[in-house]
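Hi,

Here is the structure I promised to pass on. Have a look at it first, then read my notes below.

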There are 2 protein chains.
Amino acid sequence: MKVKNINKSFKKVEELCSPRVISSVENCYIKIAKVKGKLPMHVHDNEDELFIIHRGTMILEVEGKKFDLVEGDIFLVEKGKPHRPIADEICEVILVEKKSTAHTGDQDTTITRTIEEQLRSL
Amino acid sequence: MKVKNINKSFKKVEELCSPRVISSVENCYIKIAKVKGKLPMHVHDNEDELFIIHRGTMILEVEGKKFDLVEGDIFLVEKGKPHRPIADEICEVILVEKKSTAHTGDQDTTITRTIEEQLRSL
């Protein structure tokens, strides 16, 4: 058992749009990511993805609809819904998603990271 | 699909030690709770319980060991481990736990709330 601190962990994240696992619960990982830019639209056919805005703002585009998210906002993207984050400035995001979730879904892009990369300790 | 804000939701919580569901992901609920006092030691035999300290401090006693938790700390109590929160002042906590989890585990106490009570909208 180990206590981790989300604020301290965020300070150690250098790479953008590269989720890092900081904990787990049941069949889900808790990840943190610094999001910036317009990410590729993607879909997770079999997995929910929960977004919690830790610091900053971003737009979450889901099925063509845009949601403006601010600090403290919590938003569930249900399985099967095409989505993408868009952030002009760095936005710190906490993600809760099934361990099997590929973070860029069905898209293999230059920002796609394997789960082993995401599991590197911070 | 609906955006909820954790900060605004916490402001609406009046009752202490009474978790309220604000979202869900996969087979888990995301709950918020204002914890104060020395809660009864309890155990969830089949469910993990993840604690994220949103604001304030508390001690989490797990199997006789005490962990001092501060804002931003994230801590997994794995299934089967007896535990209890202890907080001198109100501590705002985000919980991620399986939908089947009884928040006071095997203990039916005066602070025990049914899932229907926890699901009341904020």
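**What I found**

Chain A contains two helices and eight strands. If you walk along its sequence, these elements come in the order β-α-β-β-β-β-β-β-β-α. The radius of gyration of chain A is 13 Å, close to the 14 Å given by the globule rule for 122 residues, so the chain is as compact as a globular protein of that length. Its C-alpha trace spans about 40 × 30 × 25 Å along the principal axes.

Please keep in mind that this is a predicted model. The average pLDDT of chain A is 93, and 99% of the residues score at least 70. For the model, the scores are ipTM 0.91 and pTM 0.93. As a general reminder, predicted coordinates should not be read in detail where pLDDT is low.

Now a bit about the inside of chain A. Of its 122 residues, 39% count as buried. Take the contacts in chain A with a separation of 6 or more: 66% of them are between residues 24 or more positions apart.

**How the two chains sit together**

What does it take to put chain B on top of chain A? A rotation of 180°, with 0.0 Å of shift along the axis, superposes them with an RMSD of 0.0 Å. The two copies are therefore related as by a two-fold rotation axis. Both copies also use the same surface, as 100% of the contact residues of chain B recur in chain A.

How many residues of each chain are in contact with the other? There are 26 from chain B and 26 from chain A. On the side of chain B that touches chain A, the elements giving two or more residues include helix 1 (6–12), strand 3 (28–38) and strand 8 (83–98) of chain B. Sorted by class, that side of chain B has 15 nonpolar, six polar and five charged residues.

**Following the strands across**

There is a nice trail to follow from one chain into the other. Strand 1 (residues 4–5) of chain A runs antiparallel to strand 7 of chain B, and two bridges join them. Here Lys4(A) stands opposite Ile74(B). Within chain B, Ile74(B) also has Ile52(B) opposite it.

That brings us to strand 4 of chain B, which pairs with strand 7 of chain B in the antiparallel sense over four bridges. Strand 4 of chain B is also joined to strand 8 of chain B, by six bridges, and these two run antiparallel as well. In that pairing, Glu49(B) stands opposite Glu97(B). Is strand 4 (residues 49–55) of chain B mostly covered or mostly open? Mostly covered, with five of its seven residues buried.

**One residue to look up**

Try finding Ser9(A), which lies in helix 1 (residues 6–12) of chain A. Is Ser9(A) buried or partly exposed? Ser9(A) counts as partly exposed because it has 18 C-beta neighbours inside 10 Å, and being buried would take 20 or more. Setting aside neighbours within four places in sequence, Ser9(A) is in contact with Lys4(A), Ile22(A), Ile32(A) and Leu122(A). Asn27(A) is 18 residues from Ser9(A) along the chain, and their C-alpha atoms are separated by 22 Å.

Cheers

Terms used:
Residues are numbered from 1 along each chain as its sequence is written. Chains are lettered from A and ligands numbered from 1 in the order in which they are written. This is a predicted model: local features need pLDDT of at least 70, side-chain atom pairs count only at pLDDT 80 or more; totals for chains, interfaces and linings use all residues. Copies are superposed by least squares on the C-alpha atoms of residues with pLDDT of at least 70 in both. Two residues are in contact if their C-beta atoms, placed from the backbone, lie within 7 Å. A residue is buried if 20 or more other C-beta atoms lie within 10 Å of its own, exposed if 12 or fewer, and partly exposed in between; C-beta atoms are placed from the backbone. Ala, Val, Leu, Ile, Met, Phe, Trp, Tyr, Cys and Pro count as nonpolar, Asp, Glu, Lys and Arg as charged, and the others, Gly among them, as polar. Two strands pair if DSSP finds at least two bridges between them. The radius of gyration is taken over C-alpha atoms; the globule rule is 2.2 Å times the number of residues to the power 0.38. pLDDT is the predictor's confidence in each residue, from 0 to 100.
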